[in-house]
Amino acid sequence: MKTLRMTMAQALLKFLDNQYVEFDGKQNKFVKGVFTIFGHGNVVGLGQALEEHQGDITMYQGRNEQGMANAAVAFAKQKNRREIIACTSSIGPGALNMVTAAGTATVNRIPLLLLPGDTFACRQPDPVLQQIEQPHSPVITANDAFQAVSKYWDRIVRPEQVMTAALNAMRVLTDLAETGAVTLCLPQDVQAEAYDYPEEFFAKRVHFMDRHTPSSAAIDRAVEIIKNKKKPLIISGGGSVYSEAGDELKEFAEKFYIPFAETQAGKGILPWNHALNLGGMGVTGTAAANMIARDADLVIGVGTRFSDFTTASKFAFQNLDVEFLTINVNSMDADKLNAKYVLGDAATSLKALTQKLGEIGYRSEYQDEIQAVKVAWDQEVDRLFAIDLPNGLSQTRALGVINKFLHEDDIVVGSSGSLPGDLQRVWRPVKPKTYHMEYGFSCMGYEITGALGVKMAEPDKEVYSMVGDGSYLMLHSELVTSIQEQRKINVLLFDNNGFGCINNLQQSQGIPSFGTDFRYRSAETGRMTGETIPIDFAANARSYGAKTYTATTVDELKEALEKSRQDTVSTLIDIKVVPGSMTGGYESWWRVGVPEVAQSESVLEAHKLMDNEIQKARKF
C-alpha cells in the first residue's frame, strides 16, 4: 500500500479537495473553499496546510466567525446544497461564534462544514489561552457546545482518526434528508502531527445525491386520500426548491386545479402571478393563502417542515375534516401534523402522483374562490406599495419602489425583523432562486453575510441584502470581506430606529414600548424614553470603502437605486422609514406566551384572546 506522510491538517485538506457530488447525472466539485479567521488554535496547523496547498480550494478571509459561517450557509443554500465552503476558527470564543451559524444550517437542512480549533489532545500545556476548564471532566471543551446544533460531531485526537471522521462528515453533508452542520474539532497539536496516510484516502470520491423514489404503495395511499377531497391546498417548501420541482409542481397544480401557497424557503419556485399561486402561507402570509387554508379539507405539504409560522401555530386549518398529506425526504418532517406521507423526492413524487391521479380523472371542486382571493390580494399589495405618509417614507412604499426597480434575475436576501414578513407577503419574484430568505432560524445578522455568500454563488447577478437597522448593528462585518473579494453586494438598510418587529409584537399584546426603540436613557424616568439615537449608517459603511446613499423620500430612493446599480463596489442605501409602517397580519395568528398575571388590563385582555385562539388550534 502506497502512503503519503502528511500532517493531519494537510491530509484533511487534500481529502476535501477531492470530493465531488452528482445530481441528475451532473457532477461537480463539492468543497469550493475555506473561510478562515486564524488564531493560535488553527493558524500553524490548518493555516499552514492551506498556505502550502496546491489544489483547488480557495481561502477566504472572514471578519467575524458567525458572519463567515452564515455566508457559507447562504452559499450552499443558493447552490441547492451541492457545493459548500468550509469554515475554520481558532479555539474558545472564535469557535463559539460559529455555534449560531451551525444552528442556522441544521434548522434549515443546509450542509455546513465547521473546523474549529481545539485544546491540546495531549493536555500537557493545559490550560492554554482561551481554554474552558470543567473540574468534573477534562475532555469537555468549548467545542462540545456544537453537539446540540450539529448533525455530526467528532473530535480528532489522533491523526489517523481523520480518515473515518472525514468520511462520516461527507456522508452527512451529502445526505439530502439528514444534512446540516458537521463539526470536526481539531486539537492544535493533532493538526500538526504526521501520519502515513494511504494514497487511496485521497482518491477522487463521488457522492451520489440520488433522488429518493417513493414507493408505489405510498403513491397509491396518497391517491386514495386525494381523490375524495374537494378543496385541497398545496404548501410548497424549501424541499421543492432543492429538488428543482417547479415544472412538476406547476403541472400537478394546473392539471387538478389545486392552489398552492409558499413557505419562506419555497417562495419563488413559480412566478408570483401564476393563477394558482396564493403567495406566502401562515403568520407572515397573504390573506389569499390563509383564507383558502382555513377551509381546505386537505393540506399537501411538499418539502416543508411545517414551522409555527407556516401553520400559524397550527391555527391556520379550521376545517374539521382537514387531513394532511406530506411529501418529504426527511421522515421527521413528513410525519408532522399527524400526516399521511410519501417519503420521497418532491419532483419524483409529484410526477408519480400526477400520473396516478390523472388516470382516475381527479379534479378539485374549487369554483371562482381562488381567483377572487388572488385578485383581492393583488389589489391589497398595490395599495401597500402606494401608501404615502405625511411624516416620511413608509416601509411598504419603499418595498414597492424597490420591487419595481429590480430586474427579474436580481436576488434579494433576508432573514429577520419585519422585512421577512413584508417580503413574504408583498414581494413579487418571477424567477426561481431570486428570493433567498433564511427564516428557519430567523438569524439576525444573516442578511449581509448571507448576501456575500449568495454573491459568491451567483457572481454575475446583482444581490440585494434586505436588512433592518437592528440586524445591521448586530452583524455587518462581512461587508468588508465583500469589498476585499470584489464581490459587490447592495445593502438596502431600513432604518426604523429600533427593533420594530418586536416593538409591534409587544404592543399587540398590550405591553407598552419597552426596550425595543433605539433611544437615549432619560434622566427623568430612568428608562430609555429619551430622543431617538440618530445613526448615520451610510457614513459607517462609507468608512469601509462602500459606496453609500441616504434616502428619505421616494425620489431619493429611486435615484439611489439607479446610481448604486452602476457602482462597481458594494453599496449601502440608508433608507429612513417611518416606524410601524410595515404590513400587519392577514387572517393569521401566532402563539406567544402572554402573561396570565399582570398589572396591565391590556395584557390580561391579550391573554384571554390567546386562550380563545388556542382552543381553535390543532393540538398535534
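Visitor: Which strands does helix 14 lie across, and at what angle does the helix run to strand 16?
Guide: In this predicted model, helix 14 comprises residues 346-359. The helix lies across strand 15, strand 16 (323-328) and strand 17. Relative to strand 16, helix 14 runs at about 125°.

Visitor: Which strands stand at the edges of the open sheet of six strands?
Guide: The order of this sheet is 14-13-12-15-16-17, with parallel pairing. Each edge strand has a single partner strand, so one side of each is left without a neighbour in the sheet. The edges are therefore strand 14 (277-280) and strand 17 (340-343).

Visitor: By what angle are neighbouring strands of this sheet turned against each other on average?
Guide: The strands in question follow the order 14-13-12-15-16-17. With direction ignored, the average turn between neighbouring strands is 20°.

Visitor: In strand 15, which residue is the bridge partner of Ile 235?
Guide: Strand 12 covers residues 232-236 and strand 15 covers residues 298-302. The two strands pair in the parallel sense over five bridges. Within strand 15, the bridge partner of Ile 235 is Gly 301.

Visitor: On which side of helix 24 do the buried residues lie, the same side or opposite sides?
Guide: The buried residues of helix 24 are Val 603, Ala 606, His 607, Met 610, Glu 613 and Ile 614. They cover an arc of only 125° around the axis, which puts them on the same side of helix 24. On the other side, Glu 601, Lys 608 and Gln 615 are exposed. The placement of the buried set is thus the same side.

Visitor: What distance does helix 24 reach from its first C-alpha to its last?
Guide: Helix 24 spans residues 601-616 and has 16 residues. At 1.5 Å a residue, 22 Å is expected, and the value in the model is close to this. The helix reaches 24 Å.

Visitor: Which residues of the largest nonpolar core are in contact with Phe 494, among those with the most contacts inside the core?
Guide: The largest nonpolar core has 98 residues, and those with the most contacts inside it are Phe 252, Ile 402, Met 466, Phe 494, Leu 557 and Ile 575. Leaving aside neighbours within four places in sequence, the contacts of Phe 494 include Leu 399, Leu 419 and Val 577. Named in both respects are Ile 402, Met 466 and Ile 575.

Visitor: Is His 207 buried or exposed?
Guide: His 207 lies in strand 11 (residues 205-208). Not counting residues up to four places away in sequence, His 207 touches Gln 19, Tyr 20, Val 21, Glu 22, Met 170 and Thr 174. Its relative accessible area is 15%, and the cut-off is under 20%, so His 207 is buried.

Definitions and conventions. Residues numbered from 1 in each chain as written. Predicted model: local features only at pLDDT ≥ 70, side-chain atom pairs only at ≥ 80, totals over all residues. Heavy atoms only, no water. Helix = DSSP H or I, 4+ residues; strand = E, 2+ residues; numbered from the N terminus. Expected span 1.5 Å × (residues − 1). Buried < 20%, exposed > 50% of the residue type's maximum accessible area, 1.4 Å probe, protein only. Arc of directions from axis to C-beta. Pairing = 2+ DSSP bridges. Axes fitted to C-alpha atoms, helices over the stretch in contact; angles between N-to-C directions. Contact = heavy atoms within 4.5 Å. Core = buried A, V, L, I, M, F, W, Y, C linked by side-chain atoms within 4.5 Å.
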